[in-house]
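Student: I've got a new structure to look at and I'm not sure how to start reading it. Can you walk me through it?

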Amino acid sequence: MPVLARVIESFGISTIVVTMMPNYAERCGVPRAAGVAYPFGHPFGRPGDVPMQLAVIRDALRLLAAATHPNTVTHLPYQWPEPQEIAYKAWQPREMSPVVRFMRERTLAARAERERATPEPGTPP
Amino acid sequence: MRVDDYLYLPRSIASGYEQQQVSRAEPVPFTPLRFPINQSRFALVTTAGIWDTTTDQPFDYAREQREPLWGDPTYRVIPRDFRQERIGAGHLHLNNDDLRADINIALPITRLIELERAREIGSLAPSHYSFMGWQGRGPDGQGNTAAWEQQYAPEVARRMVDEGVHAAVITPT
C-alpha cells in the first residue's frame, strides 16, 4: 500500500512495496515498488512453495538496496504457474464482498428506476 | 515484462480503478538504505487482514458487512514466533484459504528467519504488522486512508523505530 509505505518511509525506514498493481502504486507515488503478476493475496507466491516465495523476496531486497530515488518501480518477470482463468477465480471470495454487493444492488435499482420512468414504445400499459 | 494491474481483477472493479482520479503524493519521501542488506534489520507489513487468534480480536468484519463503504483501520501485531495454526484470516475481499495454509504468501516471516540464519539479512525484528486492506470510500470516492495516515501507520512506524528496524517490506493483498 503506497500510503503505508510513504508514512513509514517518512520515519527514516526504507520501504519496498511488493504489489500486484505496480502501475497503480506508481500513480499514487511510492518510495519503491516491485510489481509481480500474481493473483491478489499472493504477492510472494503459492502456499508452501519456498523457492517461489524466496525468489520474490530476494528480488525485493535487492531492489530495496539498489534504489536511489523515490518512485523506483520495477516489474518482476515471474508468471503464475496456473492458467489465468483458474487463478482469476481462485483468489476471489466465495461470497461477494459487501461493497461489490452494495454497488451491484445500487446499479440494479437504478436500472429498474430507469425502466419504470421510460417504458419502451409500444409497450402495453 | 510489464505487469498488468488488471489481469486478475473483475472488469467492474478494474474500471473503478481506471476512472479513479489519483492525486500523486508529492514529494514522495525517500530514505536510502543505511546499511547493506546483510547488516539491516527488517520488519514486514501486510494488508491481508490476518490476526493472532491467541492474543487478538479479529478485524471488525461484522461492521463492514453492515456498512459496506467502511473498513476497519486498526492493525494487529504478528510476532516473529507466530504459529500458523493460530492465525485467523477473514478479509471479505479475498478467498482466505491460502493465507490460513501459509501466511508467508503475504507476510513471509518464516522465509526471512531462514535468510537471517543464512546471514543474507542482518536480522528480523520481533514484531510484524497486519492491516486490513479495504478502507472504504471517502466522500471524494477515493480510498479512505485518513486514519491510517494520521494514527495507525505512524504508530507502526514508531514501533519499528523502537525495535531498531532499518527497512520494511510491505504487501498489499
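Tutor: Sure. First, a bit of vocabulary: helices and strands here are DSSP runs, with at least four residues for a helix and at least two for a strand, numbered from the N terminus. Also keep in mind that this is a predicted model.

Student: Okay, how many helices and strands does chain B have?

Tutor: Chain B has 5 helices and 7 strands. Walking from its N terminus, you meet them as α-β-β-α-β-β-α-α-β-β-α-β.

Student: And what is the order of elements in chain A?

Tutor: In chain A the run is α-β-α-β-α-β-α-α, made of 5 helices and 3 strands.

Student: How do I judge the overall form of each chain?

Tutor: You can compare the radius of gyration with what a compact globule of that length would have. For the 173 residues of chain B that would be near 16 Å, and chain B has 17 Å, so the two agree. Its C-alpha atoms fill a box of roughly 45 × 40 × 35 Å along the principal axes.

Student: What does chain A have next to a compact globule of 125 residues?

Tutor: Chain A has 21 Å, while a compact globule of 125 residues would be near 14 Å. The box around the C-alpha atoms of chain A is roughly 70 × 35 × 20 Å. Chain A is also divided into domain 1 (2-81) and domain 2 (84-117), and the centres of these two domains are 30 Å apart, taken over C-alpha atoms.

Student: What can contacts along the sequence tell me?

Tutor: You look at how far apart in sequence the touching residues sit. Among contacts with a separation of 6 or more, residues 24 or more positions apart account for 52% in chain A and for 77% in chain B.

Student: How much of each chain is buried?

Tutor: Here a residue counts as buried if 20 or more other C-beta atoms lie within 10 Å of its own. By that cut-off, 42% of the residues in chain A are buried, and 39% of those in chain B.

Student: Why is strand 1 of chain A said to be largely enclosed?

Tutor: Strand 1 covers residues 14-19, and 6 of its 6 residues are buried, so the rest of the structure largely encloses it. Check the two faces: A:Ser14, A:Ile16 and A:Val18 are buried on one side, and A:Thr15, A:Val17 and A:Thr19 are buried on the other.

Student: Which strands does strand 1 of chain A pair with?

Tutor: One partner is strand 2 (residues 32-37) of chain A, in the parallel sense over 3 bridges. A:Val18 has A:Ala34 as its bridge partner there. To get from strand 1 to strand 2, the chain passes through helix 2 (residues 22-28) of chain A, and this β-α-β crossover is right-handed. Another partner is in the other chain: strand 7 (residues 167-171) of chain B pairs with strand 1 of chain A, in the parallel sense over 4 bridges. In that pairing, A:Ser14 stands opposite B:Ala167.

Student: How many residues does the contact take from each chain?

Tutor: It takes 65 residues from chain A and 61 residues from chain B. Several elements of chain A each supply at least two residues to the side that touches chain B, including helix 3 (50-66), strand 3 (72-79) and helix 5 (98-117). Helix 1 of chain A gives the most, with 8 residues. Sorted by class, that side of chain A has 40 nonpolar, 19 polar and 6 charged residues.

Definitions and conventions: Residues are numbered from 1 along each chain as its sequence is written. Chains are lettered from A and ligands numbered from 1 in the order in which they are written. This is a predicted model: local features need pLDDT of at least 70, side-chain atom pairs count only at pLDDT 80 or more; totals for chains, interfaces and linings use all residues. A residue is buried if 20 or more other C-beta atoms lie within 10 Å of its own, exposed if 12 or fewer, and partly exposed in between; C-beta atoms are placed from the backbone. Two strands pair if DSSP finds at least two bridges between them. A crossover is right-handed if, with the strands pointing away from the viewer, the path from the first strand over the helix to the second runs clockwise. Two residues are in contact if their C-beta atoms, placed from the backbone, lie within 7 Å. Ala, Val, Leu, Ile, Met, Phe, Trp, Tyr, Cys and Pro count as nonpolar, Asp, Glu, Lys and Arg as charged, and the others, Gly among them, as polar. Domain bounds come from an automatic or database domain assignment. The radius of gyration is taken over C-alpha atoms; the globule rule is 2.2 Å times the number of residues to the power 0.38.
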